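Trainee: Could you take me through one part of this protein slowly? I'd like a close look at how some of the helices pack, and then what lies around them.

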Amino acid sequence: MRVCLVTTGQPSTNPRLVKEADACASAGWDVHVVAAHWADWATTFDRDLLASRPWRCTFVDWRRDQDPVLFWKSRVRHWLARRAAPYTRTPGIQAAALSRVGLELARAARRVRADLYIAHNLGALPAAATAAAAHGALLGFDAEDFHSGQFTAGGTSHQEQTVRAIEQAYLPSCAYVTAASDGIAAAYHASYGIALPTTVLNVFPRADRPAALR
């Protein structure tokens with residue numbers, strides 16, 4: 001079984017992704033993570049984390065000092081997409097409005113041949129869906145939050161419209177969805193009519209707990 005996990009952040013900023021990658025690898029699956037630069041502080045932590053893991057990771061690094069062309073191209077594209085998003089339902093424009101480097105994540109994920117692509121935040125869902133469609137593979141999504149529920153009740157902001165458009169466009173095509181709580185699972189089930197997501201709580205093994213409070 002080949003699995004590709006996709007995130008708009010870095011492994012060190014996404015413990016749920018790390019736990020799932022570890023679990024899949026321990027089951028004997030071939031695991032590849034596609035991630036994007038998010039924070040400078042996480043770069044050192046990523047180096048140490050990945051050195052101890054059996055799975056591989058490909059980064060989309062759009063920092064100005066690393067790839068100035070991508071830095072400016074993605075910035076302009078993101079700016080234009082956010083302004084165009086309120087006037088169109090085109091999934092590609094909505095995806096570009098949600099994630100600055102979603103297009104690059106999709107290209108990187110497509111280069112990884114897998115049987116299952118799992119998005120680990122909403123911005124990564126279009127990229128994972130694109131790769132899954134390209135390879136005739138399954139698509140999964142881990143709902144770390146109820147993303148369209150993070151806005152003011154009854155609000156109609158452009159960002160909320162974009163989030164709802166992405167959820168509506170891609171969630172029904174997922175083979176399965178996991179959620180960080182029963183409430184998140186119930187909300188997505190009620191909002192989009194998808195199968196009730198399986199809850200995976202944000203907990204860790206007791207063996208990882210420090211011997212004493214720090």
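Mentor: Sure, let's start with helix 4 and helix 7, whose axes come within 9 Å and cross at roughly 125°. Keep in mind that this is a predicted model. An angle over 145 degrees would count as roughly antiparallel, and 65 to 115 as roughly perpendicular. The angle here fits neither range, so helix 4 and helix 7 are oblique to each other. The crossing of helix 4 with helix 7 is left-handed.

Now, which residues do the touching? On the helix 4 side you'll find Pro91, Gln94, Ala95, Ala97 and Leu98, and they meet Thr162, Val163, Ala165, Ile166 and Tyr170 of helix 7. Sort that contact by class and you get eight nonpolar residues, two polar ones and no charged ones.

Stay with helix 4, but turn to its other partner here, helix 3. Helix 3 and helix 4 pack at an angle of about 120°, and their axes are 7 Å apart. This pair is therefore oblique as well. Helix 3 also passes helix 4 in a left-handed crossing. Here His78, Ala81, Arg82 and Ala84 in helix 3 meet Ile93, Ala96, Ala97 and Leu98 in helix 4. By class, the contact of helix 3 with helix 4 has six nonpolar residues, one polar and one charged. Try finding Ala97 and Leu98 on your screen: both are on the helix 4 list for the contact with helix 7, and both turn up again in the contact with helix 3.

Those helices also bring us to the largest pocket, which has a volume of about 660 Å³. It has 27 lining residues, and the closest to its centre are Thr8, Trp38, Leu98, Ser99 and Gly123. So there's Leu98 once more, this time by the pocket centre. Helix 3 (68–84), helix 4 (91–98) and helix 7 (158–170) each supply at least two residues of that lining. Helix 7 gives the most, with four residues. As for class, the lining of the largest pocket has nine nonpolar, 15 polar and three charged residues.

Next, have a look at the second largest pocket, with its volume of about 240 Å³. Its lining is made of 13 residues, and those nearest its centre are Pro11, Ser12, Val18, Leu49 and Arg53. The elements giving two or more residues to this lining are helix 1 (15–26) and helix 2 (40–51). Helix 1 has the largest share, four residues. In this lining, eight residues are nonpolar, one is polar and four are charged.

One last helix pair will round things off. Helix 5 (residues 102–110) and helix 6 (residues 125–135) pack at an angle of about 35°, with their axes 8 Å apart. Their crossing is right-handed, while the crossing of helix 4 and helix 7 that we began with is left-handed. From helix 5, the residues in contact are Gly102, Leu105, Ala106, Ala109 and Arg110, and they meet Ala127, Thr130, Ala131, Ala134 and His135 in helix 6. By class, the contact of helix 5 with helix 6 has six nonpolar, three polar and one charged residues.

Key
Residues are numbered from 1 along each chain as its sequence is written. This is a predicted model: local features need pLDDT of at least 70, side-chain atom pairs count only at pLDDT 80 or more; totals for chains, interfaces and linings use all residues. Side-chain values use heavy atoms; hydrogens and water are left out. On a 1 Å grid over the protein atoms alone, a cavity is a set of points where a 1.4 Å probe fits but cannot get out, and a pocket is an open set with protein on both sides within 12 Å along at least five of seven lines; lining residues have an atom within 4 Å of a point. Grid points are joined across faces, edges and corners, and a volume is the space filled by probe spheres set on the points. Ala, Val, Leu, Ile, Met, Phe, Trp, Tyr, Cys and Pro count as nonpolar, Asp, Glu, Lys and Arg as charged, and the others, Gly among them, as polar. Axes are lines fitted to C-alpha atoms, for helices over the stretch in contact, and angles run from 0 to 180 degrees between N-to-C directions. A crossing is left-handed if the near helix is turned anticlockwise from the far one by less than a right angle, and right-handed if clockwise. Contact means heavy atoms within 4.5 Å. Angles under 35 degrees count as roughly parallel, over 145 as roughly antiparallel, 65 to 115 as roughly perpendicular and the rest as oblique.
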